[in-house]
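Reader: I've got a chain here I'd like to talk through. Could you walk me through it?

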Amino acid sequence: MGRTTKQYKEIEKVKETIQKYIDGANGDLKVLKEAYNEKALINGAPIEALFRSVEHYGETHATARIDYLDISGIAGVAKVIVEDWHGQDYVEYLQLLKENGRWTIISKAFDSYVDAVVIGSRFSHRDKKKTAI
């Protein structure tokens, strides 16, 4: 089954929110705050921890790519690889929520990329379920 125009539009809106996050994390606190829900968490702590960190470290020129994006209705999740944020690389898992027609990030869990372990997945043809390896 192919995607509809509406689904493509939602994907683009989510990507725009993630881009705001990346632009903001590079030093634009105003744009960063636009990407996040006011009740968002970062590794279980209030999102203000991220805002303070960006304010403290200032401008940088990190790059990022969306490694995985999954959207269902008003909920979404993305895996984002961030490279060279003040000399560090990270793997980040973002949960997104659409409220009042607007996508925001409601949580972020992350760690340094050097510690990332990519396990992958396999598809069992017998039971047609995707299972983690």
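Reader: What share of the area the chain exposes do carbon and sulfur atoms supply?

Author: Keep in mind that this is a predicted model. The chain exposes about 9,000 Å². Of that area, the share supplied by carbon and sulfur atoms is 51%.

Reader: And how many helices and strands does the chain have?

Author: Reading along the sequence gives the pattern α-α-β-β-α-β-β-β-β-β-β. Tallied up, that secondary structure comes to three helices and eight strands.

Reader: Which helix gives the most to the largest nonpolar core?

Author: That core has 24 residues, and Ile18, Tyr21, Tyr36, Leu50, Leu94 and Leu96 have the most contacts inside it. Several elements each supply at least two of its residues, among them helix 2 (29-35), helix 3 (48-57) and strand 5 (88-99). With five residues, the one giving the most is helix 1.

Reader: Which residues around 105-108 does Leu94 touch?

Author: Leave out residues up to four places away in sequence, and Leu94 still touches plenty of others, including Ile18, Tyr21 and Tyr36. Its list also takes in Gly76, Val77, Ala78 and Val80. The ones you're asking about are Ile105, Ser107 and Lys108.

Reader: Where is the pLDDT below 50?

Author: Over the chain the mean pLDDT is 87, and 83% of the residues reach 70 or more. One stretch falls below 50, and beyond near neighbours in sequence it has 14 contacts in the model. That stretch is residues 121-133.

Notes: Residues numbered from 1 in each chain as written. Predicted model: local features only at pLDDT ≥ 70, side-chain atom pairs only at ≥ 80, totals over all residues. Heavy atoms only, no water. Helix = DSSP H or I, 4+ residues; strand = E, 2+ residues; numbered from the N terminus. Areas by Shrake-Rupley, 256 points an atom, 1.4 Å probe, with all protein chains shown as cover. Core = buried A, V, L, I, M, F, W, Y, C linked by side-chain atoms within 4.5 Å. Buried < 20%, exposed > 50% of the residue type's maximum accessible area, 1.4 Å probe, protein only. Contact = heavy atoms within 4.5 Å. pLDDT = per-residue confidence, 0-100.
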